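Please work through the following exercises with the sequence and the model in view. Each task is followed by a solution in steps.

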Amino acid sequence: SDARVQFVLDHLKEMKENRVTPNLRTFNAILYTLRRCSLFDRGPSLALQILNEMKQCQIEPSLGSWAHLLMIFYPNDQL
């Protein structure tokens with residue numbers, strides 16, 4: 001889990017350095033990765049940071065984005 005999240009963070013940093021703006025699909029892929037690493041301790045805090053970054057990029061979260069967020073915050077509940 002740590003390696004996956006670090007991989008995502010490294011790519012986000014590289015995108016920022018190269019001035020590449022992420023789109024909704026990019027953000028949803030990040031949220032999906034965080035969801036799959038549900039036992040990762042920093043998952044919820046990173047998910048909120050991703051949500052804030054989406055707002056800064058003026059990208060409206062999709063229904064899929066919200067579903068990923070719910071599963072990050074409540075990984076063991078059956079929604």
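**Exercise 1: Contacts of one residue**

Task: Determine which residues L31 touches, leaving out residues up to four places away in sequence.

Solution: Contact means heavy atoms within 4.5 Å. By this criterion, L31 touches A47, I50, S65, H68, L69 and I72. This is a predicted model, in which local features need pLDDT of at least 70 and side-chain atom pairs count only at pLDDT 80 or more, while totals for chains, interfaces and linings use all residues. Residues are numbered from 1 along each chain as its sequence is written, and side-chain values use heavy atoms, with hydrogens and water left out.

**Exercise 2: The length of α2**

Task: Compare the expected span of helix α2 (residues 24-36) with the distance between its end C-alpha atoms.

Solution: Helices are DSSP runs (H or I, at least four residues), numbered from the N terminus. The expected span is 1.5 Å times one less than the number of residues. For the 13 residues of α2 this gives 18 Å, and the end C-alpha atoms are 18 Å apart, so the two values agree.

**Exercise 3: The two sides of α2**

Task: Identify which residues of α2 are buried and which are exposed on the other side.

Solution: Buried means under 20% relative accessible area, exposed over 50%, and partly exposed in between (1.4 Å probe, protein chains only). F27, N28, I30, L31 and L34 are buried in α2. They lie on the same side of α2 because they cover an arc of only 155° around the axis, taken from the directions from the helix axis to the C-beta atoms. On the other side, R25 and R36 are exposed. The buried residues of α2 pack against α1 (2-17), α3 (43-56) and α4 (63-73).
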